[in-house]
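Look at the chain below before reading on. Trace it from start to end and look for the strands.

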Amino acid sequence: MRPACESCDRALPAGGEAFICSYECTWCASCVAGFTDAACPNCGGDLQRRPTRSMRA
Ligand SMILES: [Zn+2]
Ligand SMILES: [Zn+2]
């Protein structure tokens, strides 16, 4: 899992709000808000909110 948004390079600390796609591209919430259809602009994968530390996997 990447530590920063692939679009704007903003740091995405564990427990912070972040989104990942099916292929593990990582994005910050503000960039995701600009993506159409909530799809990854890199590969078209579905974007999902990254689990926070309260949801330890
Ligand atoms: Zn971003
Ligand atoms: Zn992707």
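Which residue is the bridge partner of C21 in β3? The partner is L47.

This is a predicted model, in which local features need pLDDT of at least 70, side-chain atom pairs count only at pLDDT 80 or more, and totals for chains, interfaces and linings use all residues. Residues are numbered from 1 along each chain as its sequence is written, while chains are lettered from A and ligands numbered from 1 in the order in which they are written.

**The fold**

The chain has one helix and three strands. Here helices (H or I, at least four residues) and strands (E, at least two) are DSSP runs, numbered from the N terminus. Along the sequence, the pattern reads β-β-α-β.

The three strands make an open sheet in the order β2-β1-β3, with antiparallel pairing. Two strands count as paired if DSSP finds at least two bridges between them. β2 and β3 are the edge strands, each pairing on one side only. From one strand to the next, the twist averages 35 degrees. For such angles, axes are lines fitted to C-alpha atoms, for helices over the stretch in contact, and the angles run from 0 to 180 degrees between N-to-C directions.

β1 pairs with β2 over three bridges, in the antiparallel sense. Within this pair, A18 stands opposite C28. The two strands form a hairpin with four residues between them. β1 also pairs with β3 over three bridges, again antiparallel. There, F19 stands opposite R49.

**The core**

Burial is a matter of counting. A residue is buried if 20 or more other C-beta atoms lie within 10 Å of its own, exposed if 12 or fewer, and partly exposed in between; C-beta atoms are placed from the backbone. Of the 57 residues of the chain, 19% count as buried.

A nonpolar core is a set of buried Ala, Val, Leu, Ile, Met, Phe, Trp, Tyr and Cys residues joined through C-beta atoms within 7 Å. The largest one has 10 residues: C5, L12, A18, F19, I20, C21, W27, C28, V32 and C40. β1 (18-21) and β2 (26-28) each supply at least two of them. β1 gives the most, with four residues. In soluble globular proteins, nonpolar side chains tend to be buried together.

β1 is covered on both faces. A18 and I20 are buried on one side, F19 and C21 on the other.

Now take V32. Two residues are in contact if their C-beta atoms, placed from the backbone, lie within 7 Å. Leaving aside neighbours within four places in sequence, V32 is in contact with F19, W27 and L47. Of the contacts in the chain with a separation of 6 or more, 30% join residues 24 or more positions apart.

**Positive phi angles**

Most residues other than glycine have a negative phi. Here are three with a positive one.

| Residue | Place | Phi |
|---|---|---|
| E24 | turn between β1 and β2 | about 75 degrees |
| D37 | loop between α1 (29-32) and β3 | near 60 degrees |
| A38 | loop between α1 and β3 | near 50 degrees |

D37 is exposed because it has 7 other C-beta atoms within 10 Å. A38 is exposed too, with 12.

**Far in sequence**

Where does T52 lie? T52 is in the segment after β3 (47-49). T52 and G15 are 37 residues apart in sequence, and their C-alpha atoms are 4.4 Å apart in space. T52 counts as exposed because it has 12 C-beta neighbours inside 10 Å.
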